[in-house]
Amino acid sequence: MVQGVGSNYYNPYYDPRITSENQNTSTDNPLLSIGGLFLASQGINLLSNHASKALMRGKEYTTPSNIAEVTRAMLDKNKLNVDVFFVSPDNIDNVSRKSRISINDLREVAEGKNAFYTDDAKVAVAPKSKPSLIQHELGHAINAKNPILKLLQKSRNYVAAVPTALLILNYLGKGNSRSNKETFIEKNAGILGFLAYTPTILEEGLASFRGIRAAQKTLAGKGVKLGALKRNYFFAWLTYLCAGIGLGIASKLSIKTGIPTSIGM
């Protein structure tokens, strides 16, 4: 029988003592929520790994001599007092000795899996097999000359502590309260975790932009197409975006489980 509006229809699942605010539905099941976050973290890790492999497979956009010209232009124009090294398995010992960077730190660079700039030592290194990554690293060196951008760089040293910090702040904020109402941190832990990583995401993007811009200016008129460089830099940047999302998931998981969590870092 079809019940009309206002009819006295009995709903066996309705309990007037349970309001819409505190009724526990299957979607509120903490185990399901934690499981969903875990699956999301695995998806983000897969995407990050895919981006890393795509970067390593990416072709160079121009010749090593053109890249060397761009490198010199970035050093000279920005007055960078930076030592630049292109690392391979054949010269890793020599580079380690000259740069005073340990062989362990250079090993992934020599294998074509990493590149980095250290402002303390004023050294930029990139794989000899993928020298165009040095332009991105010199972008970091340029950023480091700006106090605000340097602060963005340094923020990454503290992001691993964000899930734990949110957990502690949430505990202190609740105090002796027995309310089941979600706190601000409980509602927004994922967003707060991601926002903590946005300075790194922005600074990485700017470093890539500087490298691309330097190539555009230095190699203008030579007919060099920058599509491959832009793709490679995009895949590199995507790994940082994934790390930011991973930090958001880790922050949310920490609040859900009450255990400090680190995912995608």
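In the predicted model, helix H3, which spans residues 92-99, packs against helix H4, which spans residues 103-110, at an angle of about 130°, and the axes of the two helices lie 10 Å apart. Because angles of 65 to 115 degrees count as roughly perpendicular and those over 145 as roughly antiparallel, the arrangement of H3 relative to H4 is classed as oblique. The crossing in which H3 passes H4 is right-handed. On the H3 side, the contact is formed by Ile92, Asp93, Val95, Ser96 and Ser99, while H4 contributes Ile103, Leu106, Arg107 and Ala110. Sorted by class, the residues in this contact between H3 and H4 comprise five that are nonpolar, two that are polar and two that are charged.

Two positions in helix H8, a helix that covers residues 184-218, were examined individually, beginning with Thr200. Thr200 has a relative accessibility of 0% and is therefore counted as buried, since the term applies to residues under 20% relative accessible area. When neighbours within four places in sequence are left aside, the residues in contact with Thr200 are Leu152, Ser155, Arg156 and Tyr240.

The second position, Gly211, is likewise located in helix H8. Its relative accessible area is 0%, so Gly211 is buried. With residues up to four places away in sequence not counted, Gly211 touches Met74, Gln135, Leu229 and Tyr233. One of these partners, Met74, is 137 residues from Gly211 along the chain, yet the C-alpha atoms of Gly211 and Met74 are separated by 8.3 Å.

Turning to the protein as a whole, the model contains nine helices and three strands, and, read from the N terminus on, these elements follow the order α-α-β-α-α-β-β-α-α-α-α-α. The order thus written opens with two helices ahead of a strand and ends with a run of helices. Of the 265 residues in the protein, 40% are buried, a class to which both Thr200 and Gly211 belong. The area exposed by the protein is about 16200 Å², of which 57% is supplied by carbon and sulfur atoms. Where contacts between residues at least 6 apart in sequence are considered, 67% of them join residues at least 24 apart; the contact of Gly211 with Met74, residues that lie 137 apart along the chain, is one that spans such a separation.

Terms used. Residues numbered from 1 in each chain as written. Predicted model: local features only at pLDDT ≥ 70, side-chain atom pairs only at ≥ 80, totals over all residues. Heavy atoms only, no water. Axes fitted to C-alpha atoms, helices over the stretch in contact; angles between N-to-C directions. Helix = DSSP H or I, 4+ residues; strand = E, 2+ residues; numbered from the N terminus. Parallel < 35°, antiparallel > 145°, perpendicular 65-115°, else oblique. Left-handed = near helix turned anticlockwise from the far one by under 90°. Contact = heavy atoms within 4.5 Å. Nonpolar A, V, L, I, M, F, W, Y, C, P; charged D, E, K, R; others polar. Buried < 20%, exposed > 50% of the residue type's maximum accessible area, 1.4 Å probe, protein only. Areas by Shrake-Rupley, 256 points an atom, 1.4 Å probe, with all protein chains shown as cover.
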